[in-house]
Amino acid sequence: MASQCYNTAVSCEARVHVTGFDHNNGRHLFRIFRSIGPRRLMMGCSYPVEGFWKHSYPISVNTATSLSHSTPINAVLLKEALESKESDLVFPSEDFSSQALVPSRQKYLEMYKKSIEDPAGFWSSIASQFYWKEKWGKQVFSENIDVSKGDVKIEWFKGGITNICYNCLDRNVEAGNGGKIAIYWEGNEPNIDGSLTYSELLQKVCQLANYLKDAGVKKGDAVVIYLPMLMELPIAMLACARIGAIHSVVFAGFSADSLVQRIMDCKPKVVITCNAVKRGPKVLHLKDIVDAAISQSAKNGISIDVCLTYENQSAMTRGDTKWHQGRDIWWQDVVPKYPMTCEVEWVDAEDPLFFLYTSGSTGKPKGVLHTTGGYMVYTATTFKHAFDYKPSDVYWCTADCGWITGHSYITYGPMLNGATVVVFEGVPTYPDAGRCWDIVDKYKVTLFYTAPTLIRSLMRVGDEYVTRYSRKSLRVLGSVGEPINPSAWRWFFNVVGDSRCPISDTWWQTETGGFMITPLPGGWPQKPGSATFPFFGVQPAIVDEKGAELQGECSGYLCLKHSWPGVFRTLYGDHERYETTYFKPFPGYYFSGDGCRRDKDGYYWLTGRVDDVINVSGHRIGTAEVESALISHSQCSEAAVVGVEHEVKGQGIYAFVTLADGVPYSEELRKSLILTVRKQVLPAENAASRRRL
């Protein structure tokens, strides 16, 4: 069926009727009948529902706070090019929206407006829902993010005394939810699993906390955690938080050199690890990596006296584990002997919670420091609203706690809401590419959060690995880590979610602590590939190279105006680098380092890191844009793009492409891929620029 659309906007009311399904394009077909104005017929959009959204959404950060109930809004009308990612609106169902925490655009605008006009009142109201030993003073927050006015300093809830472990565990147990499952653990092998209730998790956290205190760990001391995705990883994080220690989780896949850098920087009292882990069929000898790192650190003057080692029996036995008497201690030999209760160390809202090291352009990792109170409030709130969390939900994030996603959206954000979380030790394609959906069915997962890279890898092997499983429990999907290309978005929505699960395509960073731009699943229609609109309290700004803020439809550098509770406070031991990296490029703003485009409807599109740009004959082309174009080709499953020197153009584009299963390489296919990039990355009117590629 041919699709038609008229690019006409009139003030009117629209009603949507589903008329069928276009199996070739994977889209629901519908008509919008309008009560006044010219009669137009529109077909070809994705998954609308009758009467759901009667107005377009021209929101931008500059107009959101000025819109009122009486503001006339134009009716939804799509652009002519229905194949364009900007014209593909995906609506939540009426049933979903009616039960959502934020059920409409109007509700979002009301909450967003309050969060911008009265951030102190908005966030203090939310913070009051948590337990505070002592409330903060009259000043909810203070900030200076303008380097021209002095040192950058941000504080939220200063003077408030709390503990994030208490709010994650004790508060839920005391509320009568001690018997609720806190963690479902799925091992590398499908037949190995486990679970902990909130009461059991609290007991295990207290035992480890008591051991750490006996090992000499005090409030403000650092503990390095180098563990795979065992239940002991969130246990270790929460145990540190309980006694006021600062945890630094290192991804258990990093090299000994990477571990040395982090040990040298934060100087931990204890290192926690395990002897080995299996990822798929492969065994990784983690203890050997830790031994090498501790040895190298000692040569540089930093000694580690305690290495607490968990015996991961499914990967390696004790007898096969190298051992250093006097330093190494088996977790199972000592921790279970400690009491199952442990007093809480109450901390100020601005006391450090964790260091998390992220890559830096100089080669030296940056120790991002997050504090307790604001991070607690922000991660809990973003989790709740971005996933439309309900107490009956079972939530699974496929990330690792070695990354910020595992901190904010496996451990702290979900547990602050009393959620049931799935923790997965293995890899999503072992023993086959259906493992994710097997786990979804096994635990009746309702909220599923993963990365575009995994989505594309699962696309590559075919739909049959998905459709052999029910997945009927799924309610909301999520994407994290990079901008998701529209073709992967549609596959995720149509195949995995059966065209019924909204996708929270989140943009945020290690530094932000939580979601910054994200859909609220019931609030508005989505555009595949767009992170949509800012979260409460977040004021994005797109600026040009000179720092001038751009209005309306534009492209430029993504910055943020003003602070929010979850923002990091410094780079550990290097506040000057903190200011230079994030606040000096555009004084008065936090600079994200990302490029961004805002379309005419106010939707935000992330275009990748601004330093990942290729300058071809004077044209700045983002690598993420080229990669997205390549992946949109039906025979390409993954792509990575770099710039190469070119004697005429300055730089050329070199692409590494993984083809879909069963697709052979050919010169014709190579030309087809190049043509796809030319069509999508450069505008039609810039034909001269196209010829330069």
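In the predicted model, the protein comprises 19 helices and 32 strands. Of its 693 residues, 58% are classed as buried. Among contacts with a separation of 6 or more, 70% are accounted for by residues 24 or more positions apart. The exposed surface of the protein amounts to about 27000 Å², of which carbon and sulfur atoms supply 49%.

The largest nonpolar core contains 150 residues. Within this core, the residues with the most contacts are F157, L201, L208, L212, I225, I272 and Y412. Helix α5, spanning residues 198–214, provides the largest share of the core, with nine residues. When neighbours within four places in sequence are set aside, L201 is in contact with L169, A182, I183, L196, I235, L238 and M415. Another core, of 30 residues, lies apart from the largest one; its members include A433, F448, L477 and I503.

Helix α3 covers residues 119–127, and its buried residues are F122, W123, S124, I126 and A127. These buried residues of α3 pack against three elements, namely α2 (105–117), β4 (153–156) and α10 (373–386).

Strand β30, formed by residues 619–622, includes I621. With a relative accessible area of 4%, I621 is buried, because this value falls under the 20% limit for burial. The C-alpha atoms of I621 and V681 are 8.0 Å apart in space, while the two residues are separated by 60 residues in sequence.

The structure holds zero disulfides. C168 takes part in none, and the nearest cysteine sulfur, belonging to C165, is 6.8 Å away. This distance is not within 2.5 Å, the cut-off for a disulfide, so the pair of C168 and C165 does not qualify. C168 itself has 0% relative accessibility and therefore counts as buried. C596 is likewise in no disulfide; for this residue the nearest cysteine sulfur is that of C554, at 7.7 Å. C596 is also buried, with a relative accessible area of 1%. Both C168 and C596 are thus buried cysteines that take part in no disulfide.

Notes: Residues are numbered from 1 along each chain as its sequence is written. This is a predicted model: local features need pLDDT of at least 70, side-chain atom pairs count only at pLDDT 80 or more; totals for chains, interfaces and linings use all residues. Side-chain values use heavy atoms; hydrogens and water are left out. Helices (H or I, at least four residues) and strands (E, at least two) are DSSP runs, numbered from the N terminus. Buried means under 20% relative accessible area, exposed over 50%, partly exposed in between (1.4 Å probe, protein chains only). Contact means heavy atoms within 4.5 Å. Accessible areas come from the Shrake-Rupley method with a 1.4 Å probe; for residues, only the protein chains shown count as cover. A nonpolar core is a set of buried Ala, Val, Leu, Ile, Met, Phe, Trp, Tyr and Cys residues joined through side-chain atoms within 4.5 Å.
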